[in-house]
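Subject: Handover of a structure

Dear colleague,

Please find below the structure that I am passing on to you. A short account of what was found in it follows.

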Amino acid sequence: TLDLPTSSIITIHLGNGCSMTAVKDGQSIDHSMGFSPSDGLIMGSRSGDIDQGVIFHLIRHLGYEPSAVDKLLTKESGMLGLTGFTDLRDIESRAGEGDEVCSEALEMNAYRIRKYIGAYCAVMNGLDAIVFTAGIGENSVLMRRLVCRNLEYLGIELDEEKNERVSDGIESIGSRSSRVAILVIPTNEELEMARQVAG
């Protein structure tokens, strides 16, 4: 079990919108989203991290209006821009049929997540657990596998059989030798919003 007051945890919220949070000793100390929800991870239609120079290039050299840039980066980028699809189930299905564009987009998505895992391990000086949550995090066997791949040096080792058997409850999917707990925890955003309103 994890002792929350003295732990280092990374939550990985993967849905149409995606974000990651570094939680040190029970307190959030870093989050992948910034001023807007478009920052950070590659999402369904949002770009995630991007060099701000792209914005100026689009406006100055390609004639985009600021509103068009905003629409491009928030509603026409991310997995949609990469593959033509926003639903990861469609992308995974196409990748399984040999679509190289969809396969590469999935790899890019997982690569960005692994970069954040590495960064958050550094700022927390260690890692006790990673938590997958939200629609993709809870249901995509493939994305969990891609994210955890080649992270053994951080103590993250996935148990493939457990990963395949995830049900609706809280599941531990790390191998016996994994030094970091790998958990799948269903999200309950409605309950949290209600608590904050009532509190």
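Is Tyr116 buried or exposed? In this model, which is predicted, Tyr116 has a relative accessible area of 14% and is therefore buried. Its neighbourhood makes a convenient starting point.

Aromatic pair

Tyr116 shares helix α5, residues 100-124, with Tyr120. The two tyrosines lie four residues apart, which is about one turn of the helix. Tyr120 also counts as buried, at 2% relative accessibility. One aromatic pair is found when the whole structure is searched. It consists of the rings of Tyr116 and Tyr120: their centres are 5.7 Å apart and their planes stand at 70°, so the pair is edge-to-face.

The sheet

Six strands make up an open sheet with mixed pairing, and their order is β3-β2-β1-β4-β6-β5. Strands β3 and β5 (171-172) are the edge strands, each of them pairing on one side only.

Starting from the β3 edge, strand β2 (residues 18-24) pairs with strand β3 (residues 27-31) in the antiparallel sense, over four bridges. Within this pairing, Ala22 has Asp30 in β3 as its bridge partner. The two strands form a hairpin with two residues between them, and Asp25 in the turn has a positive phi of about 50°.

On the other side of β2, seven bridges connect this strand to β1, and the two run antiparallel. The bridge partner of Ile9 in β2 is Val23. Strand β1, which covers residues 8-14, is also joined to β4 by five bridges, here with the strands running parallel. In that pairing, Ile9 stands opposite Ala129 of β4. Ile9 thus gives you a point of reference on both sides, with Val23 in β2 and Ala129 in β4.

Strand β4 spans residues 129-133 and is mostly covered, as five of its five residues are buried. Ala129, Val131 and Thr133 point one way from the strand, whereas Ile130 and Phe132 point the other way. Besides its pairing with β1, β4 pairs with strand β6 (residues 181-184) in the parallel sense over four bridges. Across this pairing, Ile130 stands opposite Ile182 in β6.

Cysteines

How many disulfides does the structure hold? The number is zero. A disulfide is a covalent bond between the sulfur atoms of two cysteines, and two of the cysteines may be examined in turn. For Cys102, the closest cysteine sulfur is that of Cys18, 16 Å away, which is too far for a bond. For Cys148, the closest cysteine sulfur belongs to Cys121, and the separation of 12 Å is again too far for a bond. Both residues are covered: Cys102 counts as buried at 1% relative accessibility, and Cys148 counts as buried at 4%.

Surface

Finally, the surface carries a nonpolar patch of about 250 Å², made by Ile59, Leu62 and Tyr64. Of these residues, Ile59 is found in helix α1, which comprises residues 53-60. With a relative accessible area of 34%, Ile59 is partly exposed.

With kind regards

Methods: Residues are numbered from 1 along each chain as its sequence is written. This is a predicted model: local features need pLDDT of at least 70, side-chain atom pairs count only at pLDDT 80 or more; totals for chains, interfaces and linings use all residues. Side-chain values use heavy atoms; hydrogens and water are left out. A disulfide is a pair of cysteine sulfur atoms within 2.5 Å. Buried means under 20% relative accessible area, exposed over 50%, partly exposed in between (1.4 Å probe, protein chains only). Patches are made of residues with over 30% relative accessible area and no salt bridge: like charges are joined within 9 Å, nonpolar side chains (Val, Leu, Ile, Met, Phe, Trp, Tyr) within 5 Å. Accessible areas come from the Shrake-Rupley method with a 1.4 Å probe; for residues, only the protein chains shown count as cover. A salt bridge is a side-chain nitrogen of Lys or Arg within 4 Å of a carboxyl oxygen of Asp or Glu. Two strands pair if DSSP finds at least two bridges between them. Rings of Phe, Tyr and Trp (its six-membered ring) pair if their centres lie within 6.5 Å; planes under 30 degrees apart count as stacked, over 60 as edge-to-face and the rest as tilted.
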